[in-house]
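Let's take a walk through this structure together, starting with the overall build and then moving to individual residues. Please have the sequence and the 3D view open as you read.

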Amino acid sequence: MTGGVEAARPRYRLLVLLVPLSLACACAAKKPRPDALKVDDLNIKGTKQVSEGSIKSKILTTDTPWWEPLWPFDKGPSYYDPNAWEADKRRIERYYQAKGYYQARVLSDEVKPEGKNAVKLEVTVREGEPTRIDAVSVTGLEPLTEEQRTHALAALPLKKGDVFEEENWNGVKELIQGRLREMGYAEAEVTGEAQVDVATQLATVDLRAALGSRYKFGNVFVSTDPNPKVSPKRIIEQAQGAIRKGSWFSESALAEAQARVFAMGVFGAVKVNRGGPDREASTVPVVVDVREAPLRSVRLGGGLGIDATRQEARALAEWTNRNIFGGLRRLTVRGRVGYAFLPSFYAGDDVKSGVIGDVTTEFEQPRFLFRDLRLQASVTGEKGLEQAYSFYGGRLRTGVIWQPHPNLSIFPAYNQERFRLQGRVDGNETIPPITLGCRERDTGDENAPCNIALSYLETTIEWDRRDERTEPRNGFYAALSIQAGGGPLQGDFTYIRLLPDVRYYYSFGEQQRLTVAGKLRMGTLVPYRNEETGLRQSSIVNRFFSGGGSSMRGFNSRRLSPLTPLNPDDPETTTVPVGGNSLFETSLELRYRVTESLVVASFWDTGAVGTDSLSFGGNSPLNNRLYHALGLGLRYLTLVGPIRLDIARRLNIGSPLPIEPSGSTYTLPSSGTCFGLGGKKREYAGAPDGLCTIQLSIGEAF
């Protein structure tokens, strides 16, 4: 198991293709020699049991993809090399043998000119019949208990009647060996032989296990840099969270110990290995090899976001000291500053613009009270613009993170938030404080700024078993956020807020090029009755919104929400989102990796945001408010995450978006269905927003 560091990457939405795309043309491959011919097409005939695509992935010669002239990021055209082609014909036969077809032969091949500068290659194969397994025997497991033998041999990839594949043959030895080592047999080795009778097309498999002694974990030792700044005692303490002296040896415990040490956040490299076993004591020592990373770091960056409702540019900076007072205490200061235009910088008199930004100071104390508990406190100041309001304010959070396993964390925290909101959309239009969730001021001036104070406890539980966070291909993620505010904690609102989030990923195929990803996210905000107003009122700052690159892609950013019209008497009035008390989102996405850097995707998103709290009965706020969108996507994989382009078309299923305050009515403006094109409709799902969107962002959708 190896560790990795994930950099924090904000997501930015872009609806235009950027100029730097043209700079990638320099990546195209050069001809290996002046007279080299491009391979326009490579056709393998006679394939039935083995796919043509899997054969092409195992040979050197490839055909030039049709999109190569349109996609300058890849390695460029493929060229014909006669020597490589001759070797590839032998590779085709050898690949068939590895798949169990020992009688497969290349019958013929042709190199056909295609104009002056290209060729077309064609090869014909005869697959023959596969070789099947006639018998499987495993010896050497006699010292094990019946339960241990059953576990060691469960669901093996080789059994009588299966096609004999060399990949499975090698894999079954590694599988049994790994299971034996998980039982404490640290030196277990599994060998064997397979006899293939080409005439009868039968294979006999003989596996032999050498168990050796059964070991327990011994002492933990540390190998580190000269004059280390991190105490070896702290490293040993973390490793012992997975490796307990006297417990049976297992390689999964070594992997967990490595993850725990790497999660300390101060090492550039970590490797946990077993040392030489003590055969007399039947123990195995553990060696933790670490290399310290710089304890101080500075990161700088910037971003640009453009969509139909918001345009902004930001600069980002972060400073971190990972050992500020000794003891691996961490202090991080991060900030963002920029300028935003709503809805766009060219909107004339209707534009609302201003400086936006935030700065956060975060302190973390590891080993708070005991090993797996960390104290974390942060304070944030923020100034921002949203479609319905502008604001400035601050947040204070303090809590403890309990991480009993590298994949599991539980974070209870106390939070205070203070905001001063101005519901002014432009120079003339305002949002009443009651719509924002503010109480009316004694002055009776609806245009006056209002203050919102939240005080709440929040517990966040995360169970993350994804293979990686930036571009997951296998595994799952589950999280639950629970907030309880007001009451004895004071604050302007008493409420409960729940937000569960579940995601699943599975890849299949020979090279796991096809990935199925799914997401389910629900939320409910239950406000209690306000004693002063008698209303069950919530604040806009903690309501739910959806829409955008990482949620329901059939809407632009935060546009899937109850709306308020700025002038109910004007049928062409602008609407702004004000959020709701219920959220429901699902996504199903198919991703196919065409090349090492190019991924295509198709997706189906659903989503709804309701004015009332979530329920599933007859009075559910989601009734007739569940919107659907189908779309296609393109991803270009980079070191900082995939650059993602998604185009979505919302299905005309459902009603227009709800209007707030309750009881307000206005005439829906006529609008083009997709980017102003197509027939015009006054009544359609999700009106008044158009039915099509484009999202360009950095980072996977989920």
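The paragraphs below go from the whole chain to its cores, cavities, disulfide and a few single residues.

Please keep in mind that this is a predicted model. The protein chain holds seven helices and 29 strands. Of its 702 residues, 45% count as buried. To get a feel for how the chain folds back on itself, look at the contacts between residues at least 6 apart in sequence: 63% of them join residues at least 24 apart.

A good place to go next is the interior. In soluble globular proteins, nonpolar side chains tend to be buried together. Here, the largest nonpolar core is made of 36 residues, and L421 and I540 have the most contacts inside it. Which strands each supply at least two residues of this core? They are β16 (408–422), β17 (450–464), β19 (495–508), β24 (598–610) and β25 (627–636). The largest share, four residues, comes from β17.

It is worth centring your view on L421 for a moment. Setting aside neighbours within four places in sequence, L421 is in contact with Y389, S390 and F391, with L436 and C438, with P449, C450 and I452, and with I540 and V541. I540, the other residue named for having the most contacts inside the core, is thus one of the contacts of L421 itself. There is also a second core, separate from this one, with 26 residues, including A186, Y215, F217 and L295.

Now let's turn from filled space to empty space. Three cavities of 30 Å³ or more are counted in the model, and the volume of the largest is about 90 Å³. What kind of residues line the largest cavity, by class? The lining has seven charged residues, four nonpolar ones and one polar one. If you would like to select them, the lining residues are E471, P472, R473, R513, T515, R591, Y592, R593, V599, R635, L637 and E700. Strand β23 (residues 582–593) contributes the most to this lining, with three residues.

The next stop is the cysteine pair. A disulfide is a covalent bond between the sulfur atoms of two cysteines. The count for this model comes to one disulfide, formed by C674 and C692, whose sulfur atoms are 1.7 Å apart. The two partners are 18 residues apart, with C674 in strand β27 (residues 671–674) and C692 in strand β29 (residues 692–698). Are these two cysteines buried or exposed? C674 counts as buried because its relative accessibility is 15%, and C692 is buried too, with a relative accessible area of 13%; the cut-off for buried is under 20%.

From here, let's visit P130 and one of its contacts. P130 sits in the loop between β3 and β4 (132–139), and at 12% relative accessibility it counts as buried. P130 and Y96 are 34 residues apart in sequence, with their C-alpha atoms 9.4 Å apart in space. Beyond its neighbours within four places in sequence, P130 is in contact with G100, Y101, V163 and Q201. Q201 deserves a look of its own: it has a positive phi of about 60 degrees although it is not a glycine. Q201 is placed in the loop between β5 (189–197) and β6 (202–210), and its relative accessibility of 17% makes it buried.

R367 makes a nice companion to Q201. Phi of R367 is near 50 degrees, a positive value in a residue other than glycine. R367 lies in the loop between β13 and β14 (373–385), and it is partly exposed, with a relative accessible area of 37%.

K120 belongs to strand β3 (residues 118–126) and is partly exposed at 26% relative accessibility. Leaving out neighbours within four places in sequence, K120 is in contact with D41, E110, V111, K112 and E114. K120 and L37 are 83 residues apart in sequence but 9.8 Å apart in space, C-alpha to C-alpha.

Finally, have a look at two peptide bonds. The bond from L342 to P343 is cis, with omega near 0 degrees, and P343 lies in the loop between β12 (330–342) and β13 (352–365). A cis peptide bond also joins A687 and P688, with omega about 15 degrees; P688 is in the loop between β28 (677–681) and β29.

Definitions and conventions: Residues are numbered from 1 along each chain as its sequence is written. This is a predicted model: local features need pLDDT of at least 70, side-chain atom pairs count only at pLDDT 80 or more; totals for chains, interfaces and linings use all residues. Side-chain values use heavy atoms; hydrogens and water are left out. A nonpolar core is a set of buried Ala, Val, Leu, Ile, Met, Phe, Trp, Tyr and Cys residues joined through side-chain atoms within 4.5 Å. Buried means under 20% relative accessible area, exposed over 50%, partly exposed in between (1.4 Å probe, protein chains only). Contact means heavy atoms within 4.5 Å. On a 1 Å grid over the protein atoms alone, a cavity is a set of points where a 1.4 Å probe fits but cannot get out, and a pocket is an open set with protein on both sides within 12 Å along at least five of seven lines; lining residues have an atom within 4 Å of a point. Grid points are joined across faces, edges and corners, and a volume is the space filled by probe spheres set on the points. Ala, Val, Leu, Ile, Met, Phe, Trp, Tyr, Cys and Pro count as nonpolar, Asp, Glu, Lys and Arg as charged, and the others, Gly among them, as polar. A disulfide is a pair of cysteine sulfur atoms within 2.5 Å.
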